[in-house]
Amino acid sequence: MKRWCLALAACGVLAVAACDEAPASGEPDARLRTHAVEPSTPTPAGLAYVESVAAVQTEAEALQGPARVRALQQGMALPVPAGLAEAEILRLDLAATLGEALLEQPDGAYTVIDLLRPMVDVEDSLPLDRASARALITLGDAAAQVEDDALAAGSYARAIRLMSLLRQELVR
Amino acid sequence: MKTTSETSERSVIAEELAALGEAELTGSDPLSPGDDLDVETVATLVGIATADPASLPGLSPLAQRRVWKRLEGRVAAAAFAPVVDDPHTAAANDSGGWRSIVAGLAMAAGFLLVPRLIAPSSTEIDVAEADGGAMDMGPDARAMLDALGDNGAPRARSMAADYAQRLAGNGGNTP
């Protein structure tokens, strides 16, 4: 029954969100603004960062538990070179990977919410990229774990809207 | 005491039930002037999509029967004759809020069905779980995400390789 209520709330939000108006307090907020991420001019510093993130993700694949979390946290701490637009996508995907690892830890859901909520804030524009959707879904999973139904429904609804936009882009 | 519009509504429903060969409308049957048969029909279709029609809110047994009869009628009519809608049922509603919720349900049902149709077998929805829990937005959203492409390490490696290639090409703007 709880799942049904959550799904119903998310579905209702999908319709309301088309207006992108702020909902009443305590209700799911599915406002979504997106922007396209254009490839930046490649630089050696940019390459070093992108390769470092790839190395961190690859290393984390082979790890489990706290060691995996630590490796991904180190990746999140890497300084981002100026002008590297792709970093926005890489950091969201890295944060989603970290969030998924944290969700396997005791009480990790609260940490995930603290990590991801500001990164995909409803007031901010998100990259029109599947990394944004992945971060939103992970946030939704965390919110569902702690029974924050409004945040879960809003996050899932935003993820679905974003992926719908992505599908439309792919069709064009 | 019934209002004029309610009496009129009951009269229309009675004619409709008679045309469908159903039992007459009784005084105990609930009558909601805000109900919209099109909305109820969409809600029922969404119920089918979610494999849990029994949990649909706001559909009385009479309303559900009307919806099914309408669907059956449309199927039969499509096979033998053109369908002529009753304009009264389309116009008689003031249920904007309910309509928006149902529109949302229909949208979500569409979104959820798309990956079921196009996703590879590794990302298919767990049918047993769907049967047990109506809709579980998280796994379905993940199935949609997986259908869009790689994430995590494989994607980071791919982006790194692409970036290196662009740098080697003297800063071309190929995505």
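What percentage of the 175 residues in chain B is made up of buried residues? Before answering, note that the model open in the viewer is a predicted one, and then select chain B alone and colour it by relative accessibility. Buried residues account for 35% of that chain.

**The two chains in outline**

With chain B still selected, switch to a cartoon view, in which 8 helices and 0 strands can be counted, giving the pattern α-α-α-α-α-α-α-α along the sequence. When contacts in chain B between residues at least 6 apart in sequence are considered, 58% of them join residues at least 24 apart.

Now select chain A, where 7 helices and 2 strands are found, and follow the chain from the N terminus, along which the elements run α-β-α-α-α-α-β-α-α. Of the 172 residues in chain A, 52% are buried, and among its contacts between residues at least 6 apart in sequence, 69% join residues at least 24 apart.

**A buried residue in a strand of chain A**

Select residues 125–127 of chain A, which form strand S2 and include A:Leu126. A:Leu126 counts as buried because its relative accessibility, 1%, falls under the 20% limit. Next add A:Arg33 to the selection: although 93 residues separate A:Arg33 from A:Leu126 along the chain, their C-alpha atoms are 6.2 Å apart. Leaving aside residues up to four places away in sequence, A:Leu126 touches A:Leu32, A:Arg33, A:Thr34 and A:His35, then A:Met119, A:Val120, A:Ser132 and A:Leu136, and finally A:Arg158 and A:Leu162.

**The largest nonpolar core**

Among the neighbours just displayed is A:Val120, which leads to the next stop, since A:Val120 is one of the residues with the most contacts inside the largest nonpolar core. That core has 54 residues, and the others with the most contacts inside it are A:Leu72, A:Leu90, A:Ile137 and A:Met163. To see which elements supply at least two residues each, select H2 (44–61), H3 (65–76), H4 (86–103), H5 (108–116), H6 (130–145) and H7 of chain A, together with H7 and H8 (152–168) of chain B. Within this set, H4(A) gives the most to the core, with 11 residues.

Centre the view on A:Ile137 and show its surroundings in both chains. Not counting residues up to four places away in sequence, A:Ile137 touches A:Tyr156, A:Ala159 and A:Met163 in its own chain, and B:Gly138, B:Ala141, B:Arg142 and B:Leu145 in the other.

**H7 of chain A against H7 of chain B**

Select residues 149–171 of chain A and residues 137–148 of chain B, the two helices named H7, whose axes lie 10 Å apart at an angle of about 25°. H7(A) and H7(B) are therefore roughly parallel to each other, and the crossing in which H7(A) passes H7(B) is left-handed. On the side of H7(A), the contact is made by A:Tyr156, A:Ile160, A:Met163, A:Leu166, A:Arg167 and A:Leu170, and on the side of H7(B) by B:Met137, B:Gly138, B:Ala141, B:Met144, B:Leu145, B:Ala147 and B:Leu148. By class, the residues of this contact comprise 11 nonpolar, 1 polar and 1 charged.

**H2 of chain A against H8 of chain B**

Move on to H2(A) and H8(B), which pack at an angle of about 160° with their axes 8 Å apart. H2(A) and H8(B) are therefore roughly antiparallel to each other, and their crossing is left-handed. Residues to display in H2(A) include A:Leu47, A:Val50, A:Ala54 and A:Gln57, while those they meet in H8(B) include B:Ala153, B:Ala156, B:Ala160 and B:Tyr163. The residues of this contact divide into 12 nonpolar, 4 polar and 3 charged.

**Two loop residues with positive phi**

Finish in the loops of chain A. In the loop between H4 and H5, select A:Asp107, a residue that is not a glycine and yet has a positive phi of about 60°; with a relative accessible area of 63%, A:Asp107 is exposed. Then go to the loop between H6 and H7, where A:Glu147 lies. For A:Glu147, also a residue other than glycine, phi is positive and near 65°, and at 57% relative accessibility this residue too counts as exposed.

Definitions and conventions: Residues numbered from 1 in each chain as written. Chains lettered and ligands numbered in written order. Predicted model: local features only at pLDDT ≥ 70, side-chain atom pairs only at ≥ 80, totals over all residues. Heavy atoms only, no water. Axes fitted to C-alpha atoms, helices over the stretch in contact; angles between N-to-C directions. Helix = DSSP H or I, 4+ residues; strand = E, 2+ residues; numbered from the N terminus. Parallel < 35°, antiparallel > 145°, perpendicular 65-115°, else oblique. Left-handed = near helix turned anticlockwise from the far one by under 90°. Contact = heavy atoms within 4.5 Å. Nonpolar A, V, L, I, M, F, W, Y, C, P; charged D, E, K, R; others polar. Core = buried A, V, L, I, M, F, W, Y, C linked by side-chain atoms within 4.5 Å. Buried < 20%, exposed > 50% of the residue type's maximum accessible area, 1.4 Å probe, protein only.
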